[in-house]
Amino acid sequence: FKGKVHDVNSDGTYYIKYDNGGEERHAKEDWLKSGGGGRSGSSSDSSSDDDRRNSNSQFRLNERVECNFGGRGKWYKGKIGHINSNNTFDVFYEDGDRERGVKPDRIRSLESS
């Protein structure tokens, strides 16, 4: 079924909202595929949104990043766990910490464009 990744859960599964109104709260990554092909199973967005990037965002879900934790000047590795509607991000750190509502100026990508 066609749908969109709405969120990434802390356990690495995905919350999917399907175009037909249904939802999947704990979809495994191997159940997903982009609209252009790839993995088998349930479809994510059928557009060219293969990297699961929110159209208003410079970061994508699960993107590996460094983040200035609490704005205190120390940068720690993690990943984008959620893209918020107010252009902030929830970051899941490698050490298990989580920070919500992080502004993009405190985040830098570890992935090449």
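Here is a short walk through a predicted model, stop by stop, for you to follow in your viewer.

**Stop 1: the three-strand sheet**

Start by selecting strands 1, 2 and 3. These 3 strands make an open sheet, ordered 1-2-3, with antiparallel pairing. Strand 1 and strand 3 (23-27) sit at the edges with a single partner strand each, so one side of each has no neighbour in the sheet. Look at the twist as well: on average, neighbouring strands here are turned by 25° against each other, direction ignored.

**Stop 2: the hairpin**

Now keep just strands 1 and 2. They pair antiparallel over 5 bridges. To see one pairing up close, click Val 5, whose bridge partner in strand 2 is Ile 16. Then move to the turn: 5 residues lie between the two strands of this hairpin, and Gly 12 has a positive phi near 90° there.

**Stop 3: the nonpolar core**

Which residues have the most contacts inside the largest nonpolar core? Select Tyr 14, Ile 16, Ile 80, Val 91 and Ile 107, and you have them; the core has 18 residues. Strand 1 (3-8), strand 2 (14-18), strand 6 (64-68), strand 7 and strand 8 each give two or more residues to this core. As background, nonpolar side chains in soluble globular proteins tend to be buried together.

Zoom in on Ile 80 next. Leaving out residues up to four places away in sequence, Ile 80 touches a stretch that includes Phe 59, Arg 60, Leu 61, Asn 62 and Glu 63. Val 65, Phe 89, Asp 90, Val 91 and Ile 107 are also among the residues Ile 80 touches.

**Stop 4: the loop at Asn 84**

Finish at Asn 84, in the loop between strand 7 (75-83) and strand 8 (89-93). Is Asn 84 buried or exposed? Its relative accessibility is 17%, so Asn 84 counts as buried.

Show side chains here and look for two polar contacts. The Asn 84 side chain reaches the side chain of His 82 at 3.3 Å, and it also makes a polar contact with the side chain of Asp 90 at 3.1 Å. To fill in the surroundings, add Phe 89, Asp 90 and Gly 101, which Asn 84 touches when residues up to four places away in sequence are not counted.

Definitions and conventions:
Residues are numbered from 1 along each chain as its sequence is written. This is a predicted model: local features need pLDDT of at least 70, side-chain atom pairs count only at pLDDT 80 or more; totals for chains, interfaces and linings use all residues. Side-chain values use heavy atoms; hydrogens and water are left out. Helices (H or I, at least four residues) and strands (E, at least two) are DSSP runs, numbered from the N terminus. Buried means under 20% relative accessible area, exposed over 50%, partly exposed in between (1.4 Å probe, protein chains only). A polar contact is a pair of N or O atoms within 3.5 Å; within protein, one must be able to donate a hydrogen and the other to accept it, and residues adjacent in sequence count only if both atoms are side-chain atoms. Contact means heavy atoms within 4.5 Å. A nonpolar core is a set of buried Ala, Val, Leu, Ile, Met, Phe, Trp, Tyr and Cys residues joined through side-chain atoms within 4.5 Å. Two strands pair if DSSP finds at least two bridges between them. Axes are lines fitted to C-alpha atoms, for helices over the stretch in contact, and angles run from 0 to 180 degrees between N-to-C directions.
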